[in-house]
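The following exercises concern one proline and one helix. Work through each task before reading its solution.

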Amino acid sequence: MVDLDSEVPPLPPRYRFRDLLLGDQGWQSDDRVQVEFYMNENTFKERLKLFFIKNQRSSLRIRLFNFSLKLLSCFLYIVRVLLDDPTQGLGCKELNRSCSTNQNYTPGTIDWSPIIWVNRSLPLWGLQVSVAVISLFETLLLSYLSYKGNIWEQILRIPFLLEIINAVPFIITIFWPVLRNLFIPVFLNCWLAKHALENMINDLHRAIQRTQSAMFNQVLILISTLLCLIFTCICGIQHLERAGNRLTLFDSLYFCIVTFSTVGFGDVTPRIWPSKLLVVIMICVALVVLPIQFEQLAYLWMERQKSGGNYSRYRAQTEKHVVLCVSSLKIDLLMDFLNEFYAHPRLQDYYVVILCPTEMDAQVRRVLQIPMWSQRVIYLQGSALKDQDLLRAKMDDAEACFILSSRCEVDRTAADHQTILRAWAVKDFAPNCPLYVQILKPENKFHIKFADHVVCEEEFKYAMLALNCICPATSTLITLLVHTSRGQDCQQSPEQWQKMYGRCSGNEVYHINLEESTFFAEYEGKSFTYASFHAHKKFGVCLIGVRKEDNKNILLNPGPRYIMSSTDICFYINITKEENSAFKKQEKHRRNHESKLSYHGASRLPVHSIIASMGTVAIDLQDTGCRTSSGATLALPPDGGKEGRRPSIAPVLEVADSSSLQTCDLLSDQSEDETTPSDDEVSAGLEYAKGYPPYSPYIGSSPTFCHLLHEKVPFCCLRLDKGCQHNYYEDAKAYGFKNKLIIVAAETAGNGLYNFIVPLRAYYRPKKELNPIVLLLDNPLDDLLRCGVTFAANMVVVDKESTMSAEEDYMADAKTIVNVQTLFRLFSSLSIITELTHPANMRFMQFRAKDCYSLALSKLEKKEREKGSNLAFMFRLPFAAGRVFSISMLDTLLYQSFVKDYMISITRLLLGLDTTPGSGFLCSMKITEEDLWIRTYARLYQKLCSSTGDIPIGVYRTESQKLATSESQISISVEEWEDTKDTKEQFSYRGNHRNSTSSDQSDHPLLRRKSMQWARRLSRRAPRHSGKTAEKINQQRMNLYRRSERQELAELVKNRMKHLGLSPAGYDEMNDHQNTLSYILINPSPDTRLELNDIVYLIRPDPLTYVPNAAPSRKDSFCNTVGQDTREETQL
């Protein structure tokens, strides 16, 4: 039988029961082969190379030791020179005796023995030999370690040759003592010390992991080169003159300084030709080496001026600074930022570090050289995507980082992508640095939701354009609120409207805690409307909103039901903030005397005027007593007493009740019943409901409660110029719209249009006032006529993005300006609202070359700019009237948010971009003849607060203005002038003629008188000529006066309308509404007189705040669920 034990292999030594459970790991480990990597670094040569060359810290120590040896050798040489005597210490006794017998120097002969031999003591010789041996050993070792196959490359290097010259002779003297006193040019070690210093600086920067400064290195090289030249010349002249004048080291130093400075006194000169030759050689070397060094230094200085250098860590830790990141820095952007940023007193000690990848242009360079900015602004050329450049700007120590987009780019999406990457890079490098980001496209906003403050250009642009259609000049109102001004612009102007407009433009939004406020502390426990009215009555400030201590949401005009608390943050509009105000109580008799003064028109200053001077305001306190309803302020005008006494204004209650919240007749909104559709809606087949839009065009859009259709309209029906199977209309006239159109002329239909449509369809707007919106993607004349431009309420022209790539920046608006000017000429009665890129181009809107008034405004703008005004363009008529604005003006909104972190939120609430439950909205009302009994702004404030709870914040006023016209635009009818004989007929004709002129014409007596005389002379001379001549003159007269330019344009439009099959009946070419000027009065004084057709800006309380929690109505019940889902999905 076979022995089974002999056939079974034995178990491995480490094979245990544990191995049966865990697997055969022992066998697996026995099959592995251990591989050691980087074995070449374990050799002796590689270890030496790692220590002497590769390792930064050890290499730095070796360089420092080598540098110290070279300095020590130079020091020992100086000691040897000071101890040496040229008459002693020769190499042999024979030479010593010959020197003693020949003591007198004879010209033409040179005693070479003092040059060849020196006196070197034994201890000094020992030290120099030791230094030489160590230096030679180190040099040979480093040459061996850096050897790469070419030995001659190592030998013929200048540092190696100098080392051989200075070290080998000392080693020879060890074996040949006779040569111990032989002269060795040890002073040449200064050049080796310079070489070691350069290597040491490089290793130092590598060791501390910092970017070396090329400027510092070049300055160090230049200084060391100059010192080496001087030291070499000193030692060489001193040694060679041992056989001549026997100069000391100090004499040699004096000679070298005098020679190199090109002074050349001549009192110390070399005597023998070797020293003279050395001087010539050193001068030649200096003339070659030093200019090269200076050239490199100048080049690096210029490059540093371009790149900006570094912002030191010490300054970053001891001083406050902000960083401005832009892709390209333009002078307008820079000045807007600096003027707005440094307008706040507490920011005067801040520094601005600009980080820009492009080179600084000439205009920016000149501005930054002004002492006011050169001490505050630091320009760094670099990219925000590089940590190295962010470190140069000390981003981690910055108080804030502003990242601005380049709006002049053709591809605005690509510009946003660059901005997003910059924001990500800054957030990655400095997570605690507050970010203030400007973005162009709303669909890119959610990428930077982590930023502290974000301003989306298209959101604000379209929202302001929309509100301009329902609240005139909203863009001007917002622009003036977000700009810092003292309200001192144009106060010396002879025109009263400019004084009032410039004065009120200084109002801004401020905040203060209620319990710390002098304005509002006494209204604790009172209603919001009570506090707002009495604060305006007493101090002239306009309380517009509050924020609770435990809530981040700002409430604009929360209504009379809101009770003020001591911990509330109050937001108000005033010339300056309360902390910069001084309060003075006037005497009682003086107050009574002023109260009896009659109103003398707009030129009279307000009773409680606001005197702004050096950032401090003195406000006259008024009587705070609550006047009764029979008081003088509530009395009717004297001329109204004959017809009967009108009802007086009720006082504003401290705590409102439901009975006090009645709709004022002045502001009554007789909107239709929400549950019963009107006859027009039924006939048109339209059924509206209120709810949230079911879809949002981009992530991050704020859901807004607005008017919606029950059923979605097919896409084919949205084409106004083409019929479809649902309707056959091909122009706006055929639709028979009840309200006038709002036309939007844009280049593309972007997502930003959502913010244009939603404010025009907001839930608080009555359905009977909803205007049809027409989107015009191209605007030739035919398309304009088809879309109903002749009966449009407003036409909004958005800046064309295709012109952003213009070679000249200011030409980016050229296409928009010319198109708007064409519309202005063709349709004079059309209200055109335009958005431009550059504020300076606003002077070209509705341009009239020979308009004297426009020329006067141009001169006024220049004067205000010379005075340092940041809003010099505000007096241009199109901007003051709200017909044009530039989105770049809202850049200041982002800058202001650094000091006022609430400004973006308040602006979004005013524009309707955000909706907060309980927060009011911006609207307007018009003063009619029936409303003039209120008389003053203070009484209007009281009427609104006591009835509807509205808060007025400003007035939009329109005044008649006679503007000068150009001579070529005067239309004269010869036939009518010939029939005119007497003065009465001439006067009546002038009145008729004014209505037939173009929109930019007005009475010009001199031109009209000359034209009339010319026409009469022609008519009187007609019979004196022959028939042919008379016919020729008559033909010329008819061609000259037959029709004006305006009539030609009107004829052109009518012909095109007839060609398109449109009726020209609605084209009112002679309607003239341009001979007026409009402007805004923000928070005017309480005794400002109201005028007919004034439009008052109101912040109306949220109507939904007062609606009880009842069952939803029939029309909006279906969309509540959709609105809630949309809110959850779209809100960031």
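**Exercise 1.** Locate proline 169 and describe its surroundings.

*Solution.* Proline 169 belongs to helix α10 (residues 158-175); helices are DSSP runs of H or I with at least four residues, numbered from the N terminus. The model is predicted, so local features need pLDDT of at least 70 and side-chain atom pairs pLDDT 80 or more, while totals for chains, interfaces and linings use all residues. Residues are numbered from 1 along each chain as its sequence is written, and side-chain values use heavy atoms, without hydrogens and water.

Next, consider exposure. Proline 169 counts as partly exposed because its relative accessibility is 22% (buried is under 20% relative accessible area, exposed over 50%, partly exposed in between; 1.4 Å probe, protein chains only).

Finally, consider contacts (heavy atoms within 4.5 Å). Leaving aside neighbours within four places in sequence, proline 169 touches Ile164 and Ile184. Isoleucine 184 is 15 residues away in sequence, with a C-alpha to C-alpha distance of 7.2 Å.

**Exercise 2.** Compare the expected span of helix α40 with the distance between its end C-alpha atoms, then find where its buried residues lie.

*Solution.* Helix α40 (residues 1045-1059) has 15 residues, and at 1.5 Å a residue it should span 21 Å; the expected span is 1.5 Å times one less than the number of residues. Its end C-alpha atoms are 21 Å apart, in agreement.

Buried in α40 are Arg1046, Leu1049, Ala1050, Val1053 and Met1057. Viewed down the axis of α40, these residues fall within an arc of 100 degrees, so they line one face (the arc is that of directions from the helix axis to the C-beta atoms). Their cover includes α29 (781-786) and α30 (814-826). On the other side of α40, Lys1058 and His1059 are exposed.

Technical notes: Helices (H or I, at least four residues) and strands (E, at least two) are DSSP runs, numbered from the N terminus.
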